[in-house]
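Please open the model in a viewer and keep the selection panel at hand. The tour below proceeds stop by stop, stating what to select and what is found there.

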Amino acid sequence: MTEPQRDIRQAVRRRLARRHRAERRFQAYGVAALAAAGLFLVLLLGSIAIQSAPAITQHKLTLPVEITAELADPRGDLSEASLRRGSYNTLIQNALREQFPTVAERAELRELFGLYSGVNAARLLNRVASAPELVGGRVEFTFPISDDADLYLKGVTVRERIQPGLAPIAISAEDTDRWRLVSDTPVFAEILVETRQALSVEAAGLERRRDDAVERAEAARDEDARRAASATAERLDAQLQRLRIQAQPDQALQLGPTTKSVLVQVGDGVYRLTGIGADGASASAQRLIGEVSAGAVSDWRLWTVLTPPTARLISDRQIAWARALSDRGLVENGFNTILFTRADSREPELAGVLGAIIGSVLTMVITMLLAVPVGVGTAIYLEEYAPKNRLTDLIEVNINNLAAVPSIVFGLLGLAVFINLFGMPRSAPLTGGMVLALMTLPTVIISSRAALRAVPPSIREAALGVGASHTQAVFHHVLPMAMPGILTGSIIGLAQALGETAPLLMIGMVAFIADAPALGFGGFTDAATVMPVQIFLWSSGAERAFEARTAAAILVLLAMMLSFNAVAIYLRRRFERRW
Amino acid sequence: MVDTLETQHAEKTVYHPVSQDGAIKVATRAVNVLYGDKHAIIDVTADIPDRAVTSLIGPSGCGKSTYLRCINRMNDTIDTARVAGSVTIDGEEVNDRSVDPVLLRARVGMVFQKPNPFPKSIYENVAYGPRIHGLAATPDELDEIVRTSLEKAGLWDEVADRLAQPGTSLSGGQQQRLTIARAIAVNPEVILMDEPCSALDPIATARIEELIDELRENYAIIMVTHSMAQAARVSQMTAFFHLGKLVEYGPTEEIFTNPRDQRTQDYITGRFG
Amino acid sequence: MQVSLYTALALLVLTAIGFLIGRRRALAAARSGQDGARERLHSLPNYHGYYIALWTGAPALILIALYGVLGSSLTNMLALGELERASAPLRASYEQALTSDDRLIALALQTREAEGEIVTVRAALAAAREDSDRAGSEAFSGRLTEALRARNDATAEAAARRAELAAALVAGPQGQSADARALAGFEYFTLPAERRELFISDARAFAFGEGLPSRDTPQIRATAQLLPGYQNIFRFSIAALALAGAVLALTLTRGRIHARFRARNRVERVVSVALLICSIIAILTTIGIVGSLLFESGRFFASIDWRVHEFLFGTQWSPQIGIRADQIGQTGAFGAVPLFAGTALIMVIAMFVAVPVGLFAAIFLSEYAGPTTRAWAKPALEVLAGIPTVVYGFFALLTVGPFLRDFALFLGYEDAVTQSALAAGLVMGVMIIPFVSSLSDDVINAVPQSLRDGSYAMGATKSETVRLVVMPAALPGIVGAVLLAVSRAVGETMIVVMAAGQGANLTANPLESVTTITVQIVMLLTGDQEFDSPKTLSAFALGLVLFVMTLCLNVLALHVVRRYREKYD
């Protein structure tokens with residue numbers, strides 16, 4: 001070793017530790033990138049799985065319904081025509097009123113009937129129409145409870161707490177709709193403290209936000225920003241003042257729609273507190289449901305609905321009714337079969353994905369019948385027949401570019417050409433399938449070409465060598481060997497088409513379709529929707545219950561795509577050949 | 001048949017690797033390499049002299065390149081490769097866990113079969129080693145290293161005025177001299193050459209051979225070659241590999257004029273290869 | 001439908017019979033050689049069968065398919081022809097009334113004057129702008145506004161007057177005596193072009209139960225009564241024609257079968273032509289895309305007086321305003337810059353996520369990971385790539401968006417919204433990760449091992465090799481991959497539709513909601529739409545911009561990647 005060589009070794013050695021640290025850092029970036037991708041995947045699938053949980057089961061209400069002749073059979077001849085004119089919704093309404101006989105006021109009745117959707121009457125009608133002997137008797141009719149009550153009973157949207165009453169209370173009427181609850185001990189003290197605490201926490205948050213806004217108003221550069229910020233500040237300040245008044249100690253606490261609801265349950269009756277005295281021992285209340293029961297009671301329950309009424313869609317009264325029905329054993333939580341056996345509906349509890357699944361199947365049939373033969377034909381032509389000339393070059397470039405055209409542009413093509421020029425039906429699986437076929441075509445072509453190219457030339461030469469024509473060599477020898485690759489590529493392309501939404505929005509498959517299309521030739525031209533579009537429609541649904549159903553529909557779609565891919569993998573394994 | 005032949009030879013001949021004039025630079029003892037299940041080289045023991053050119057010859061797939069790659073632990077980069085046995089440079093074990101391959105490879109330069117200049121300028125190609133190892137404190141020092149390396153590689157006159165052009169713009173022979181310049185820029189002790197001339201035309205080959213002969217004065221050079229004539233022209237020592245085994249090793253003259261092993265004889269007379 | 005279906009089935013049966021006959025005759029021809037010796041067939045018997053089957057089935061089936069595609073438009077055309085004839089006298093008197101109406105003549109004159117004024121003022125305005133004469137251009141633009149208003153008022157009034165005349169005519173004696181068909185024809189042909197479509201589809205809704213009609217008038221009912229008759233004539237004649245053609249072809253080709261008939265060559269010719277046609281479909285698709293986008297965009301630009309620069313460089317996007325003809329606000333309502341900016345903002349955010357993560361994942365997988373890691377990571381990335389975009393959209397809308405909003409509120413940003421550019425961009429970035437990583441993986445693997453060996457042999461560590469040798473070598477390919485990813489991000493629809501919002505804000509603040517080209521296309525073309533209004537047509541102009549953008553990116557990317565491949569192949 002010479003002197004300079006020794007120096008160099010020293011120099012290299014000095015930097016070694018730093019370089020290895022850089023190496024580890026770099027590798028950590030790689031691991032982090034991969035972990036991030038994995039984390040996203042887990043988050044995505046996990047959050048959807050969690051969100052879908054409330055849609056898996058559904059609460060169903062079973063009521064004894066009196067099929068009174070005058071309502072069910074207006075003409076009285078038990079003919080189908082007569083039965084179909086009956087007012088079955090009234091029958092269900094009567095059955096519900098039977099459960100809560102004290103409800104009399106119109107507004108209150110409307111609230112009560114809000115516990116289910118009138119669409120259910122059609123099912124009762126069908127049942128009676130198919131068995132007219134039921135008229136005059138009583139039937140046990142089971143139907144889904146409204147989505148809001150369902151979510152409440154599942155504990156998704158509403159948090160509540162039920163405690164036994166600490167000490168006896170005396171209930172007395174103040175006037176027709178105001179009641180007074182008084183006890184020897186401060187039974188409501190806990191609620192009082194708790195609510196005030198919550199209010200002051202909220203006030204503190206508001207105060208911070210108001211101060212921020214004031215600060216921003218002062219720091220604002222231009223007039224508009226300053227004005228906007230001070231408006232925000234004023235709004236927040238007003239809210240804050242209101243809260244402060246509510247939260248003042250040593251005062252009676254007013255309970256309102258923005259605070260939690262405090263209910264007192266006495267036997268069948270439920271009272272809602274409107275205010276609590278400063279001592280925590282007395283309160284004023286309204287009667288929500290049940291019989292009038294003035295006097296002293298020792299067996300009562302303090303029922304706190306922690307989610308304030310403004311933050312939920314179900315009223316206090318409906319909560320009380322739903323709970324009462326549930327306590328009477330009339331409500332049962334079971335597997336949500338409706339999700340899989342019905343088409344779309346405006347009522348979340350009656351909405352299902354069956355229509356969309358059938359629409360997807362019909363659309364995919366068209367896509368498959370068009371994209372696969374044409375795509376494979378093109379691939380065979382380009383790989384086996386095409387002379388090297390301008391035209392084939394053009395086709396090649398063209399296919400590569402088509403593969404990168406955004407899917408929405410195919411939708412525009414479908415709208416302009418298929419619908420407006422050819423007059424094909426809007427919203428139909430036929431049109432949708434054709435648009436998706438054009439979109440899938442490049443994928444099928446590219447993967448089929450790769451599969452054909454992977455067949456060794458020796459196979460072709462051997463076939464030609466024994467006297468087969470070119471076409472025979474291709475169709476009898478090359479194509480069968482390339483088949484697994486072609487099938488895999490085609491299925492992957494179809495799976496892509498199955499998940500595609502945007503082009504279908506363009507051709508009107510975004511319509512609300514309450515009837516599942518027929519699984520037959522007629523279905524191809526009926527208006528339909530497909531799974532991804534159904535997901536899109538539901539995701540913008542206002543009702544909270546659609547959120548879970550959207551997530552469940554996503555799981556169904558993913559399962560469909562997964563089975564597609566499983567078929568592809570199976571085919572690849574089954575027919576894989578090595579040479 | 002082959003089997004019996006081999007066992008016979010194994011019993012008859014024990015090779016005492018000879019060093020020509022003094023210092024031993026690289027010594028290998030019972031080196032074995034497995035690629036997965038394939039036993040690529042078997043029990044190779046040899047002492048390689050400093051400041052001399054040692055040629056490794058033998059038919060394709062006999063393990064010469066694998067042996068070469070043991071010396072700078074390039075086999076580490078292949079997932080399935082396993083190396084056993086001892087390789088020392090100046091008496092220091094190479095295969096030891098504690099030896100950093102980075103440090104080792106700074107000491108052992110390598111030139112490949114196909115010229116592989118990096119997709120960078122000529123200057124940056126030569127400066128690559130000094131840069132990553134931090135050998136130059138100032139740009140001027142780096143310029144100096146690049147210039148001397150290119151001079152040593154006999155390329156300076158040809159590229160002095162176009163150092164900023166990409167290395168790939170040079171001709172094949174020039175590219176190979178560039179990779180030699182790149183290797184000697186970090187002043188290594190050993191230079192490994194894996195068929196450095198096989199992708200070149202005869203004129204370029206002659207220039208490289210001249211260069212190798214010049215470099216011999218400062219470095220221990222180990223060269224794999226397919227051409228027996230080249231081995232005879234350039235090297236002082238020659239090792240003949242066959243089926244993963246070192247069959248014969250000695251001064252080039254002896255190997256070519258008076259081989260002791262029948263297989264060596266057959267190979268150099270062109271009966272197989 | 002039913003008739004066509006049965007015809008198609010009958011054709012299939014005929015085709016099968018054709019095949020069997022061809023085969024049988026070929027075999028017979030082979031046996032009946034001279035002197036009882038077997039004559040050698042030129043082609044296998046099956047090919048004779050295919051030959052006859054092709055001639056029997058293909059033309060007839062193509063006819064049926066054509067009917068399936070074009071039948072309804074032809075039926076409409078015939079029915080409308082009848083309406084046209086029936087309503088001829090009514091329309092003639094209407095034309096008469098139009099030309100003799102003083103008010104209309106006066107209005108037409110006003111319109112023409114206003115248009116003349118518009119042309120002159122516009123020229124003057126342009127000249128004033130060129131001379132940077134501020135006062136002049138202000139005055140001229142004031143005059144232009146006035147002229148435009150005058151013209152629009154005149155045209156609107158003329159339209160109202162025409163409607164009035166038409167109503168009077170229908171209510172008058174001639175209208176009273178006309179039959180429903182004539183009235184229907186009169187209504188149809190006096191409708192503005194964009195409303196006719198709806199009229200026909202309503203009529204079809206009544207006639208064939210296609211969808212739900214939007215309204216129910218005696219005129220539409222009358223048209224609906226006409227349609228089934230024509231449709232029946234059509235489909236029965238097509239069915240008869242197809243069947244007759246098939247039978248004819250069968251008998252004609254049947255006679256041509258003999259031993260030396262070159263059936264195979266003919267069949268193979270047909271096969272290769274069919275394959276060529278298949279591959280031409282790809283070209284037709286492109287022609288269809290380019291043609292329809294250009295045509296509809298042309299109509300759009302015509303409706304905004306070919307002020308293309310205002311579309312491309314205007315900063316005000318409010319297509320709703322442009323709907324009503326009597327509004328002068330048309331000017332500048334179709335400035336697409338906010339859309340381009342929104343698209344770019346989201347694309348940039350997506351790239352900030354996708355490029356580093358995707359690239360590092362690809363580097364790790366190709367340079368560091370062992371086979372076990374690869375066996376897990378690659379399918380996971382494929383799953384990420386296979387998830388439908390609507391699912392990503394849902395994730396962005398319900399998980400990422402609210403989270404980001406709450407986080408921004410927590411940090412004291414008061415105006416945070418759920419639908420923000422950041423939410424859409426982040427999720428889109430996640431969606432593109434596998435795209436970037438698999439493309440980069442290919443590119444990195446294409447870098448020859450000899451370069452890596454060269455670097456390792458110099459004593460470089462793995463990361464130095466990757467950073468200093470592999471990356472520079474793979475750079476063109478990676479640039480190509482990123483360009484493709486950009487094109488993908490620009491064309492992505494569902495995530496932005498669901499998570500980016502709809503307000504056309506021109507902002508660089510990722511916490512605000514922005515809108516993109518694709519979102520606007522969806523907004524403009526879903527829901528109630530009047531075809532032919534500039535609002536709807538503008539979607540096609542946006543589509544054209546999108547298509548051109550992605551095409552350029554793609555061509556550029558493919559070019560870069562190809563150059564890169566050539567370098568190392």
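The expected span of a helix is 1.5 Å times one less than its number of residues. With that rule in mind, and noting that this is a predicted model, begin with a helix of chain A.

**Stop 1: helix α8 of chain A**

Select residues 189–219 of chain A, which form helix α8. This helix has 31 residues, and its first and last C-alpha atoms lie 45 Å apart, close to the expected 45 Å. Next, highlight A:I191, A:L192, A:T195, A:L199 and A:A213, which are buried. To see what the buried residues of α8(A) pack against, add α9 (223–247), β6 (253–254), β7 (261–266), β8 (269–276) and β11 (301–305) of chain A.

**Stop 2: an open sheet in chain A**

Remain in chain A and display β2, β1 and β12, three strands that form an open antiparallel sheet in the order β2-β1-β12. The edge strands are β2 (138–144) and β12 (331–335), each of which pairs on one side only. From one strand to the next, the twist averages 35°. Strand β1 (residues 57–66) of chain A pairs with β12(A) in the antiparallel sense over 5 bridges. For one position in this pairing, centre on A:Q58, which stands opposite A:G334 in β12(A).

**Stop 3: chain B as a whole**

Now show chain B alone; it has 11 helices and 10 strands. Along the principal axes, its C-alpha atoms fill a box of roughly 60 × 45 × 35 Å. A compact globule of 273 residues would have a radius of gyration near 19 Å, and chain B agrees with this at 19 Å. Buried residues account for 48% of the 273 residues in chain B. Among the contacts of chain B with a separation of 6 or more, 71% are between residues 24 or more positions apart.

**Stop 4: the antiparallel sheet of chain B**

Select β2, β1, β4 and β5 of chain B, 4 strands that form an open sheet in the order β2-β1-β4-β5 with antiparallel pairing. Strands β2 (38–49) and β5 (92–93) of chain B stand at the edges with a single partner strand each, so one side of each is left without a neighbour in the sheet. Between strand β1 (residues 24–35) and strand β4 (residues 81–89) of chain B there are 8 bridges, and the two run antiparallel. Within this pairing, B:R29 has B:S86 in β4(B) as its bridge partner. Then add helix α2 (residues 64–71) of chain B, which lies across β1, β2 and β4 of chain B and runs at about 120° to β1(B).

**Stop 5: strand β3 of chain B**

Which residues of β3(B) are buried on one side, and which on the other? Select residues 53–57 of chain B: 5 of the 5 residues of strand β3 are buried, so this strand is largely enclosed by the rest of the structure. B:V53, B:S55 and B:I57 are buried on one side, and B:T54 and B:L56 on the other, leaving both faces covered. In a regular strand the side chains alternate between the two faces of the sheet.

Bring in strand β8 (residues 220–224) of chain B, which runs parallel to β3(B) and is joined to it by 4 bridges. Here B:T54 has B:I222 as its bridge partner. Strand β9 (residues 237–242) of chain B also pairs with β3(B) in the parallel sense, over 4 bridges. In β9(B), B:A239 stands opposite B:L56.

**Stop 6: helix α4 of chain B**

Move to residues 122–133 of chain B, helix α4, which is mostly covered, with 10 of its 12 residues buried. Among them are B:I122, B:E124, B:Y128 and B:H133. The cover of these buried residues includes elements from three chains: α1 (3–56) of chain A, α3 (101–107), α5 (139–152), α6 (156–159) and α7 (172–184) of chain B, and α17 (462–491) of chain C. Directly after α4(B), inspect B:G134, whose phi is positive, near 65°.

**Stop 7: chain C against chain A**

Show chains A and C together: 78 residues of chain C are in contact with 76 residues of chain A. On the chain C side, helix α10 (residues 263–303) contributes the largest share, 19 residues. That side divides into 48 nonpolar, 24 polar and 6 charged residues.

**Stop 8: C:S201**

Finish at C:S201, located in helix α8 (residues 193–208) of chain C. Is this residue buried or exposed? C:S201 is partly exposed, with 18 other C-beta atoms within 10 Å; the cut-off for a buried residue is 20 or more, and for an exposed one 12 or fewer. As a last step, draw a distance from C:S201 to C:D453: the two are 252 residues apart in sequence and 70 Å apart in space, C-alpha to C-alpha.

How values were computed:
Residues numbered from 1 in each chain as written. Chains lettered and ligands numbered in written order. Predicted model: local features only at pLDDT ≥ 70, side-chain atom pairs only at ≥ 80, totals over all residues. Contact = placed C-beta atoms within 7 Å. Pairing = 2+ DSSP bridges. Axes fitted to C-alpha atoms, helices over the stretch in contact; angles between N-to-C directions. Rg over C-alpha atoms; globule rule 2.2 N^0.38 Å. Nonpolar A, V, L, I, M, F, W, Y, C, P; charged D, E, K, R; others polar.
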